[in-house]
Amino acid sequence: MTIANLLTGARILAVPVFLVLVLSHYYLLALVLFFLAGVSDIIDGAIARFYNQKSRLGSFLDPIADKLLISSSFIVLAIVGLVPIWMMALVLARDLVILAGVLFLFFASKEFNLEPSMWGKVATAAQCSLIFLVLAAVGGWEITFLTAIASTATVLTTIISGLLYVSLGVKVFQGTGRGVIPF
């Protein structure tokens with residue numbers, strides 16, 4: 001097990017702690033934990049690249065850790081009324097459509113690789129920014145304008161990236177795509 005994979009595992013283990021903090025209304029502690037999880041994501045990627053510790057396990061676990069943290073964050077923030085339910089549903093629907101498409105291609109015996117795309121990264125950055133800003137706002141920071149921008153960016157990039165993923169998946173299924181599904 002590499003250091004990068006250990007950091008990814010720690011990020012996965014931080015998810016239930018984060019959820020309990022939000023549900024218990026310890027928003028600033030949840031904010032700090034969310035921030036640390038984001039920093040660990042950057043660090044584990046840098047370690048994997050710099051020390052040539054890229055692994056198949058890491059390429060599988062890292063996006064799972066990201067999706068688990070982001071999806072569960074949107075769910076718990078919707079439960080406590082800090083993000084609209086429709087926005088949570090949008091974020092979850094996009095990820096479920098991607099997962100369903102990947103499973104469909106796998107069971108259809110289509111050759112493909114999962115790689116991050118620019119739009120996927122932008123959508124993830126927007127979603128993480130929104131989670132961070134919502135928690136910061138509840139913690140007392142006056143950032144309404146930034147939160148509105150992050151909300152709009154989250155909705156737009158989630159929709160755009162979701163549509164692009166579906167388009168790429170259809171091309172891979174038809175044999176006209178390059179065999180890469182960004183995740």
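**View 1. His 25, just past helix H1, in this predicted model.** H1 is followed by His 25, and the phi of His 25 is positive, near 65 degrees. The model is a predicted one, so treat the views below as close-ups of a prediction. The helix that comes before His 25 covers residues 3-23, which makes 21 residues. From first C-alpha to last, H1 reaches 31 Å, close to the 30 Å expected at 1.5 Å a residue.

**View 2. The bend in H1.** Where does H1 bend? The bend is at Ala 14 and comes to about 30 degrees. A proline, Pro 16, follows within four residues of that point. Ala 14 also belongs to the buried residues of H1, along with Ala 4, Asn 5, Thr 8, Arg 11, Val 15, Phe 18, Leu 21 and Val 22. What covers these buried residues? The cover includes helix H2 (27-50), helix H3 (56-79) and H5.

**View 3. Arg 11 and its two aspartates.** Arg 11 is one to zoom in on: it has a relative accessible area of 3%, so it counts as buried. Its side chain meets that of Asp 41 in a salt bridge, at 3.3 Å from N to O. Because Arg 11 sits in helix H1 and Asp 41 in helix H2, this pair ties together parts that are 30 residues apart in sequence. The side chain of Asp 66 also meets Arg 11 in a salt bridge, here at 3.0 Å, N to O. That second pair links distant parts of the chain, with Asp 66 in helix H3 and Arg 11 in helix H1, 55 residues apart. Are the two aspartates buried or partly exposed? Asp 66 is buried, at 16% relative accessible area, whereas Asp 41 counts as partly exposed at 23%.

**View 4. Arg 94 with Asp 95, and the salt-bridge network.** The side chains of Arg 94 and Asp 95 meet in a salt bridge of 2.7 Å, N to O. Arg 94 is buried, with a relative accessible area of 5%, and Asp 95 is buried too, at 10%. Elsewhere, salt bridges that share partners join Arg 11, Asp 41, Asp 44, Asp 62 and Asp 66 into one network. The count of salt bridges comes to 6.

**View 5. Helix H5 and what packs over it.** H5 (118-138) has 21 residues and reaches 30 Å from its first C-alpha to its last, close to the 30 Å expected at 1.5 Å a residue. Its buried residues include Gly 120, Ala 123, Thr 124, Ala 126 and Gln 127. Further along H5, Leu 130, Ile 131, Leu 133, Val 134, Leu 135 and Ala 136 are buried as well. Which elements cover them? The cover includes H1, H2, H3, helix H4 (85-107) and H6. Just after H5 comes Gly 140, with a positive phi of about 110 degrees.

**View 6. Thr 147 in contact with H5.** Thr 147 is found in helix H6. Is Thr 147 buried or exposed? With a relative accessible area of 16%, Thr 147 is buried. Leaving aside residues up to four places away in sequence, Thr 147 touches Leu 130, Leu 133 and Val 134. Those three contact residues are themselves among the buried residues of H5.

**View 7. A nonpolar patch on the surface.** Met 118, Trp 119, Val 122, Leu 156, Ile 160 and Leu 164 form a nonpolar patch on the surface, and together they have about 500 Å² of accessible area. The elements that give two or more residues to the patch are helix H5 (118-138) and helix H6 (144-174). Take Leu 164 as a sample member: its place is in helix H6. Leu 164 has a relative accessible area of 37%, which means partly exposed.

**View 8. Gly 175, out in a loop.** Gly 175 lies in the loop between H6 and strand S2 (180-182). At a relative accessible area of 60%, Gly 175 is exposed. How far is Gly 175 from Leu 36? The two are 139 residues apart in sequence and 41 Å apart in space, C-alpha to C-alpha.

Note on methods. Residues numbered from 1 in each chain as written. Predicted model: local features only at pLDDT ≥ 70, side-chain atom pairs only at ≥ 80, totals over all residues. Heavy atoms only, no water. Patch = residues over 30% accessible without salt bridge, like charges linked within 9 Å, V, L, I, M, F, W, Y side chains within 5 Å. Areas by Shrake-Rupley, 256 points an atom, 1.4 Å probe, with all protein chains shown as cover. Salt bridge = Lys/Arg side-chain N within 4 Å of Asp/Glu carboxyl O. Buried < 20%, exposed > 50% of the residue type's maximum accessible area, 1.4 Å probe, protein only. Expected span 1.5 Å × (residues − 1). Bend = angle between axes of the 7 residues up to and from the residue. Contact = heavy atoms within 4.5 Å.
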